[in-house]
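Here are my notes on this model, point by point. Please read them with the coordinates open.

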Amino acid sequence: MHFHKKGRLPCKRNNYICFILPEFVNKRIVENGSDEQKRRAWQNLIATEQLRGRRNIVGGLYTMFPTSDRLYRSIFNAENEENLPGKLVRGEGATRKGGASVDEAYDYSGNTYEFFDKIFDRRSIDNKGMRLDSTVHYGENYNNAFWNGNQMVYGDGDGEMFNRFTISLDVIGHELAHGITQYEAALEYNGQSGALNESFSDVLGSLVKQSVLKQNADKADWLIGAGLFKKKVNGAALRSMKEPGSAYDDPVIGKDPQPGHMKDYVDTTSDNGGVHINSGIPNRAFYLTAIELGGKAWEKAGMIWYVTLRDRLRENSTFNDAAELTNSVAGNLFGKGSPEQKAVANGWAGVGLQIKSAKGKTRRRV
Ligand SMILES: [Zn+2]
């Protein structure tokens, strides 16, 4: 009775609950079963994880079944409660059912996957084919959407001020991009690094929308969350990358607080140190860069920003770091002194951040 030493049952160790059907059985079913069997096995695994109080490990579990080079979406319904992920209502390739939120979460996460796959040769959030999980109908009249470290979550909105949060393609792109940031630069969600985290999500979310609409930079709206507000709100969207601070001005929800220049930088402890506020500054730097370069924003400016996020930025990077590193990446990708590199320097200069390495020092980082 080796296991029972110290009076502990083996099953109680690590707070595991002993289930009659072992986890690996469901894992096999997921790998090998028919669609319906896979679906049930997934629900089982998820229920198990929830019972263990290890909700957060579900994402880790999913990555144990990478679909490698294939898009694999799962849409869950929280049925207006706050348990994640909720009930699986649509898996990859399943027929449309369950209403607008389910369809939008499915279609738009697919658009986002395709964008990263085609444009940046990236396979999903972790670049290893991680499943894209979304939960809709989260909470009651819930006015938000979030990435919880494993999946996307969308509220229905209150129906009075806000529509459902799946309504904007760029919002879904934004949430998924948080996942990518988590796997790459892992920018700490506070202060300037947090504002960069927000900004890269806005940049990539907007680019997903622009690519689906096949828009040139000068034709894009550069808005984040257009369509989220109901008619009674005086506002076009949550944020404007083109003119930060101009997205809304409403008696109930107030005025868009975003600055678009370092001289208006907001020092605050609220909003994790202004992550959704000061993100207007790097957002506008990207916009200015993309407009100077013209054409499709994802081809040059977007590539520079993405490679910087993937390879160069770190947890505590600042706005200055982002300026220097995008400038350096532009030099590597398009050549030193190239129009692309100049556009990047001009973009940051336009928001009050001068590239230091552009004058004099040209030490090349490998
Ligand atoms: Zn965000």
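1. Start with the internal space. The model is predicted, and it holds 1 cavity of 30 Å³ or more. The largest cavity contains about 50 Å³ of space.

2. Which residues line the largest cavity? The lining is made by Thr-112, Tyr-113, Phe-116, Ser-124, Ile-125, Leu-132, Leu-176 and Ile-180. Two elements give two or more residues each to this lining: helix 4 (100–120) and helix 5 (169–183). Helix 4 gives the most, with 3 residues.

3. Now the character of that lining. Nonpolar residues number 6 and polar residues 2. There are no charged residues in the lining of the largest cavity.

4. Next, a helix pair. Helix 6 (residues 191–212) and helix 8 (residues 280–293) cross at roughly 40°, and their axes come within 8 Å. How is helix 6 set relative to helix 8? Helix 6 is oblique to helix 8, because the class of roughly parallel is kept for angles under 35 degrees. The crossing of helix 6 past helix 8 is right-handed.

5. Look at the residues in this contact. From helix 6 come Ala-195, Leu-196, Ser-199, Asp-202, Val-203 and Leu-207. They meet Pro-282, Asn-283 and Phe-286 of helix 8. By class, the contact of helix 6 with helix 8 has 6 nonpolar, 2 polar and 1 charged residues.

6. A second pair lies further along the chain numbering. Helix 10 (residues 319–334) packs with helix 11 (residues 339–349) at an angle of about 165°. Their axes are 8 Å apart. Angles over 145 degrees count as roughly antiparallel, and helix 10 and helix 11 are therefore roughly antiparallel to each other. The crossing of helix 10 and helix 11 is right-handed.

7. Which residues of helix 10 meet helix 11? They are Phe-319, Ala-322, Ala-323, Thr-326, Asn-327, Ala-330, Gly-331 and Phe-334. On the helix 11 side are Glu-340, Gln-341, Val-344, Ala-345 and Trp-348. The residues of this contact divide into 8 nonpolar, 4 polar and 1 charged.

8. To recap for the figure legend: the helix 6 and helix 8 pair is oblique, while the helix 10 and helix 11 pair is roughly antiparallel. Please label the largest cavity with its lining residues, including Tyr-113 and Leu-176.

Technical notes
Residues are numbered from 1 along each chain as its sequence is written. This is a predicted model: local features need pLDDT of at least 70, side-chain atom pairs count only at pLDDT 80 or more; totals for chains, interfaces and linings use all residues. Side-chain values use heavy atoms; hydrogens and water are left out. Axes are lines fitted to C-alpha atoms, for helices over the stretch in contact, and angles run from 0 to 180 degrees between N-to-C directions. Helices (H or I, at least four residues) and strands (E, at least two) are DSSP runs, numbered from the N terminus. Angles under 35 degrees count as roughly parallel, over 145 as roughly antiparallel, 65 to 115 as roughly perpendicular and the rest as oblique. A crossing is left-handed if the near helix is turned anticlockwise from the far one by less than a right angle, and right-handed if clockwise. Contact means heavy atoms within 4.5 Å. Ala, Val, Leu, Ile, Met, Phe, Trp, Tyr, Cys and Pro count as nonpolar, Asp, Glu, Lys and Arg as charged, and the others, Gly among them, as polar. On a 1 Å grid over the protein atoms alone, a cavity is a set of points where a 1.4 Å probe fits but cannot get out, and a pocket is an open set with protein on both sides within 12 Å along at least five of seven lines; lining residues have an atom within 4 Å of a point. Grid points are joined across faces, edges and corners, and a volume is the space filled by probe spheres set on the points.
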